[in-house]
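Here's a quick briefing on a metal site and on the cysteines. Have the structure open while you read.

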Amino acid sequence: MATLISDVKVILTAPEGINLLVVKVETNQAGLYGLGCATFSYRHLAVQCLVEEYLRPLLIGRDVSAIEELWQLMHQNAYWRNGPIENNAISGVDMALWDIKGKMAGMPLYQLFGGKCREGVPIYRHADGRDLAELCDNIQKYREQGITHIRCQSGGYGGGAFGPAPATAPRGAAHGIYLDSRTYMRDTIKLFEGIRAKVGFDVSLCHDVHERLKSIEAIQFACEMERFDLFFLEDAIALEEGKWLRQLRDKTRIPLAQGELFNNPSEWKTLITDQLIDYIRVHLSQIGGITPGRKLQLFAEQFGVRTAWHGPGDMSPLGHAANIHIDLAARNFGVQEWSGTEPPNFVIQELKGPRDALLDVFPGLPAFENGYVYANDKPGLGVDIDEEEARKYPCENVVTTWTQTRLADGTLQTP
Ligand code: MG
């Protein structure tokens with residue numbers, strides 16, 4: 001008897017105050033269900049509507065085993081394709097179908113992807129600090145936990161807090177996070193001089209530009225940053241200005257990572273085939289889940305491009321687990337961003353309640369130990385959800401302000 005989809009549900013929860021969206025696919029086999037990450041924290045109600053009102057009726061009664069068929073069915077059903085709301089909704093179902101596939105096979109997903117290339121996944125953590133001393137303290141704390149790759153930042157990607165326009169902005173300029181790219185570049189170069197002087201070169205450092213420079217500034221900045229021997233420079237060029245990567249590549253030998261905003265294969269194909277980047281770091285749910293993620297990983301392998309999947313806090317533990325399962329089996333794995341669902345002690349102390357809550361809501365999430373993250377060996381993704389616990393932390397729908405970044409004259413700048 002075929003195993004059929006009997007229901008598709010959305011579970012919303014915010015155990016850490018960040019909106020997370022999980023899709024649960026139920027089947028006609030008692031106790032057999034799958035879970036997937038459809039988290040788009042800043043448009044969660046739109047994704048919920050899409051799953052409940054459009055995907056659910058499309059999917060009920062279909063065979064769970066036909067993942068590729070169902071992915072294409074969802075992808076093509078609305079005629080227009082590849083939007084972030086659509087892709088996240090599809091991802092929720094896609095990951096849940098892979099979770100079911102693993103449960104039916106009695107295997108963790110990394111086994112279905114060919115088995116482990118490595119026993120644990122090396123991760124990088126993001127270190128911040130108000131000044132050099134605080135940042136270096138945080139780097140040291142991570143190093144004591146065995147972490148060898150650390151992304152460094154100070155001063156919120158060149159901006160402050162959301163608020164009224166500064167006095168230097170034009171009369172009537174809107175509220176926002178005001179950026180000054182020249183100051184940011186100077187401060188960051190000084191910061192890395194300080195970090196290398198203090199911690200030496202025996203640690204891999206990354207830096208995220210977060211698309212907050214003009215492309216020509218990014219080239220100047222990358223050339224200056226070369227001497228700090230970065231593991232990679234992240235999102236130096238904005239999504240819309242991807243062609244500048246060719247010039248950046250020609251002018252610097254700094255390793256480049258790109259892609260957490262990508263939605264669509266047309267955004268990464270040329271970057272990979274022309275070897276314009278070293279690390280592809282898409283957000284799996286944003287591109288539609290495990291099915292397109294695995295295709296991308298294997299495609300990148302053919303061109304010597306490594307993976308460094310996006311792994312931020314605004315991603316559910318199901319999404320983190322999907323990253324880890326692909327990483328374990330990927331020959332062209334580079335490094336994994338890890339926002340700390342299995343948090344280091346100093347973070348637990350600062351965020352006692354909420355961090356514990358994440359563990360309560362999502363039993364089975366991948367575990368961090370001494371610089372590596374490990375998947376558990378349960379079938380599928382290995383992460384469950386306690387729906388009663390999840391209900392204790394309702395999502396909130398508020399106007400997003402951190403994305404309202406502005407240049408000195410008040411013009412909106414990509415966040
Ligand atoms: Mg980034």
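The donor residues of the magnesium ion follow the sequence spacing D-x25-E-x25-E. Keep in mind that this is a predicted model. Two topics follow: how the magnesium ion is held, and what the cysteines are up to.

**Magnesium site**
- Three residues coordinate the magnesium ion: D208 through OD, and E234 and E260 through OE, at 2.0 to 2.3 Å.
- E234 sits in strand β8 (residues 232-234), while E260 is in the loop between β9 (256-258) and α9 (265-273), so this pair ties together parts that lie 26 residues apart in sequence.
- E234 has 0% relative accessibility, which means it counts as buried.
- E260 is buried too, with a relative accessible area of 13%, because anything under 20% falls in that class.

**Cysteines**
- The disulfide count comes to zero, with the rule asking for a pair of cysteine sulfur atoms within 2.5 Å.
- Take C136, which is in no disulfide: its nearest cysteine sulfur belongs to C152 and is 7.8 Å away.
- C136 is also buried, at a relative accessible area of 5%.
- Why is C395 not bonded to the closest cysteine sulfur, in C37? The sulfur of C395 is 12 Å from that of C37, which is too far for a bond.
- C395 has a relative accessible area of 19%, so it still makes the cut as buried, given the limit of under 20%.

Note on methods:
Residues numbered from 1 in each chain as written. Predicted model: local features only at pLDDT ≥ 70, side-chain atom pairs only at ≥ 80, totals over all residues. Heavy atoms only, no water. Donors = N, O, S within 2.8 Å, 3.2 Å for Na, K, Ca; no water. Helix = DSSP H or I, 4+ residues; strand = E, 2+ residues; numbered from the N terminus. Buried < 20%, exposed > 50% of the residue type's maximum accessible area, 1.4 Å probe, protein only.
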